[in-house]
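Student: I have a model open on my screen and would like to learn how to read it. Could you walk me through a few features?

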Amino acid sequence: MPVIPPLSPVTVQQAEAGDAAAQFTLADHYRATAQPEKMLHWLRASADQGYPQAQTSLGVLYYTGEHVPQDLAIAHAWLVQAADQGDVEAAVIEGRLSVERIEDEVRRQRELTPRRP
């Protein structure tokens, strides 16, 4: 099991003061220490401020359904925001998600379309 260093009081103060990077650092710490409620709190705070890494992380959580109910529309929205800011990882995942959503929609339409003899 990896050794997780304690949180720096300065980082905590910065996060509480609204620093998005510090909020992301706290989210990462709470993810590593298996505290999902605290992780989600700080991740959302950072993502809401437009921090691309937090937006990507939140998008991935909604994509996979880890610690949150799976919701591909919400995942897509977070990933697009991060990708629009130049986050390459978000752009790749968003592209994959878009293709999956299109394939699912085509499959669903085919299932609903009556077959002709």
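Tutor: We will go through one helix, the core and a salt bridge, keeping in mind that this is a predicted model.

Student: How far apart are the end C-alpha atoms of helix H2, and what span should its 13 residues have?

Tutor: A helix should span 1.5 Å a residue, so the 13 residues of H2 (residues 20-32) should cover 18 Å, and the end C-alpha atoms are indeed 18 Å apart. At the start of H2, a side-chain oxygen of Asp 19 comes within 3.0 Å of the backbone nitrogen of Ala 21. After H2 comes Ala 34, with a positive phi near 55 degrees.

Student: Which helices do the buried residues of H2 pack against?

Tutor: They pack against helix H1 (9-16), helix H3 (36-48) and helix H4 (52-64). Phe 24, Leu 26 and Tyr 30 are among the buried residues of H2.

Student: Which residues touch the most other members of the largest nonpolar core?

Tutor: Of its 24 residues, they are Met 39, Leu 40, Trp 42, Leu 43, Leu 58, Leu 61 and Tyr 62. The elements giving two or more residues to this core are H2, H3, H4, helix H5 (72-84) and helix H6 (88-112). Leaving out residues up to four places away in sequence, the contacts of Leu 61 include Met 39, Leu 40 and Leu 43.

Student: How many salt bridges are there?

Tutor: The count is 1. Residues three or four places apart in an α-helix point the same way, because there are 3.6 residues a turn. Here Arg 108 and Glu 105 lie 3 residues apart in helix H6, and their closest N and O atoms are 3.6 Å apart. Arg 108 is partly exposed at 46% relative accessible area, and Glu 105 is partly exposed at 35%.

Terms used: Residues are numbered from 1 along each chain as its sequence is written. This is a predicted model: local features need pLDDT of at least 70, side-chain atom pairs count only at pLDDT 80 or more; totals for chains, interfaces and linings use all residues. Side-chain values use heavy atoms; hydrogens and water are left out. Helices (H or I, at least four residues) and strands (E, at least two) are DSSP runs, numbered from the N terminus. The expected span of a helix is 1.5 Å times one less than its number of residues. Buried means under 20% relative accessible area, exposed over 50%, partly exposed in between (1.4 Å probe, protein chains only). Contact means heavy atoms within 4.5 Å. A polar contact is a pair of N or O atoms within 3.5 Å; within protein, one must be able to donate a hydrogen and the other to accept it, and residues adjacent in sequence count only if both atoms are side-chain atoms. A nonpolar core is a set of buried Ala, Val, Leu, Ile, Met, Phe, Trp, Tyr and Cys residues joined through side-chain atoms within 4.5 Å. A salt bridge is a side-chain nitrogen of Lys or Arg within 4 Å of a carboxyl oxygen of Asp or Glu.
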